[in-house]
Amino acid sequence: MALRFELVTPAKLVRSEDVHMVVVPGSEGEFGVLEGHAPLMSTIRDGAVQVYKTEGAEPETIEVRGGFAEVGENGLTVLAEHVEG
Amino acid sequence: MASLKELKGRINSVKSTQKITKAKQMVAAAKLRRAQAAAEAARPYAERLSGVMASLAGKVSGDSAPQLLAGNGADQRHLLVVVNTDKGLCGGLNANIVKAAKAKARALIAEGKEVRFYLVGKKGRAPIKRDFAERIEKHFDTSEVRTPGFEEAEAIADDLIGRFEQGEFDIAHLIYPVFRSALAQDPTVDQLIPVPSPESDAGTGGDAVVDYEPGEEEILEELLPRYVKTQLFGSLLEREASEQGASMTAMDNATRNAGDLINKLTIQYNRSRQAAITTELIEIIAGAEAL
């Protein structure tokens with residue numbers, strides 16, 4: 001059970017990996033995405049994307065600015081304008 | 001017939017020119033690799049963005065579509081955004097871009113449209129000014145940063161969208177070189193604003209019910225400026241790769257030409273040297289016989 005997570009900026013593909021859960025700072029509130037999430041598209045506000053590699057693991061946070069999150073059949077894609085770190 | 005000293009001078013001057021072209025060629029080869037990698041790294045973002053665009057544009061259409069997508073209904077005033085390089089020594093690249101831009105401008109003028117220019121990069125200024133001096137709207141300077149990145153694309157896009165919203169133009173075209181290989185860079189004309197609706201492939205999102213947060217229109221409104229930025233960013237990256245590719249090829253030719261010239265001059269030099277020696281010998285022998 002894994003979620004395909006991709007984080008893309010204009011400059012490069014930052015992440016492309018299988019993870020357990022990702023918490024995305026949507027513009028209408030944070031939402032967590034697990035495998036099998038219903039298709040969703042949301043704008044995101046500036047904030048931290050939290051990546052849980054496995055269940056219960058310490059989340060890894062990635063600061064992103066401006067962009068979109070899209071959940072489709074093939075996982076979660078976050079298109080961010082800037083990624084810090 | 002040039003004197004020996006003159007020939008020697010020429011050979012030396014051609015040799016130093018060759019050194020310069022050779023160095024520039026190697027620099028371009030190294031930079032080309034980096035520029036190509038950057039252009040490739042930017043592709044996933046552009047692909048995904050246009051995928052999202054395609055699925056959204058199909059849903060939001062008609063009167064509710066934002067201006068950036070639907071246009072403002074007129075097509076009288078055109079803005080040509082011409083992306084040129086900042087540095088020369090890259091063969092016919094800039095000449096080709098300018099030629100494409102001028103051809104487009106003439107076609108539009110012939111249709112009775114109004115045409116303005118928005119120039120990015122230094123090398124397009126002079127040749128476009130020669131023919132369309134009074135039509136140039138703005139120069140955007142990218143020469144101060146070493147490698148134009150997303151910030152520059154963002155600045156250009158914000159400026160363009162601002163002008164569009166103020167009604168300064170109706171349609172914007174983007175003219176930039178597309179990097180095919182080190183030997184071929186094709187000048188390309190694309191419509192930038194209003195954003196041409198991407199062809200939606202029926203496979204994506206056709207059956208799935210997608211949840212939109214906040215709403216389809218809001219997302220599309222945010223997405224369109226971003227799409228314009230990505231387009232401009234892509235064109236800057238293509239320009240970079242094209243410049244280095246063209247520069248590499250041009251400098252390779254120049255180095256080879258310099259080599260040929262040096263060979264020719266050296267032969268000429270040696271011939272005249274031998275001729276001088278022969279003449280001297282004949283003079284001595286003739287002098288000795290006369291005694």
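The expected span of a helix is 1.5 Å times one less than its number of residues. In this predicted model, a good place to apply that rule is helix H6 of chain B, which covers residues 150–165. With 16 residues, helix H6 of chain B should span 22 Å, and its end C-alpha atoms are indeed 22 Å apart, so expectation and model agree.

The two sides of this helix are worth a look in turn. Phe150(B), Ala153(B), Ile156(B), Ala157(B), Leu160(B) and Phe164(B) are buried in H6(B). Because these residues cover an arc of only 125 degrees around the axis, they are on the same side of H6(B). The other side of H6(B) carries exposed residues, namely Glu151(B), Gly162(B) and Glu165(B). As for partners, the buried residues of H6(B) pack against four strands of chain B, E2 (114–120), E3 (136–140), E4 (171–179) and E5 (185–193), and also against helix H7 (216–290). Just after H6(B) comes Gly167(B), which takes a positive phi of about 75 degrees.

Helix H7 of chain B is also home to Ser242(B). Ser242(B) has 31 other C-beta atoms within 10 Å; a residue counts as buried if 20 or more lie within that distance, and Ser242(B) is therefore buried. Leaving aside neighbours within four places in sequence, the contacts of Ser242(B) are Leu93(B), Pro177(B), Phe179(B) and Gln185(B). Glu218(B) offers another reference point: 24 residues separate Ser242(B) from Glu218(B) in sequence, while their C-alpha atoms are 36 Å apart in space.

Notes. Residues are numbered from 1 along each chain as its sequence is written. Chains are lettered from A and ligands numbered from 1 in the order in which they are written. This is a predicted model: local features need pLDDT of at least 70, side-chain atom pairs count only at pLDDT 80 or more; totals for chains, interfaces and linings use all residues. Helices (H or I, at least four residues) and strands (E, at least two) are DSSP runs, numbered from the N terminus. A residue is buried if 20 or more other C-beta atoms lie within 10 Å of its own, exposed if 12 or fewer, and partly exposed in between; C-beta atoms are placed from the backbone. The arc is that of the directions from the helix axis to the C-beta atoms. Two residues are in contact if their C-beta atoms, placed from the backbone, lie within 7 Å.
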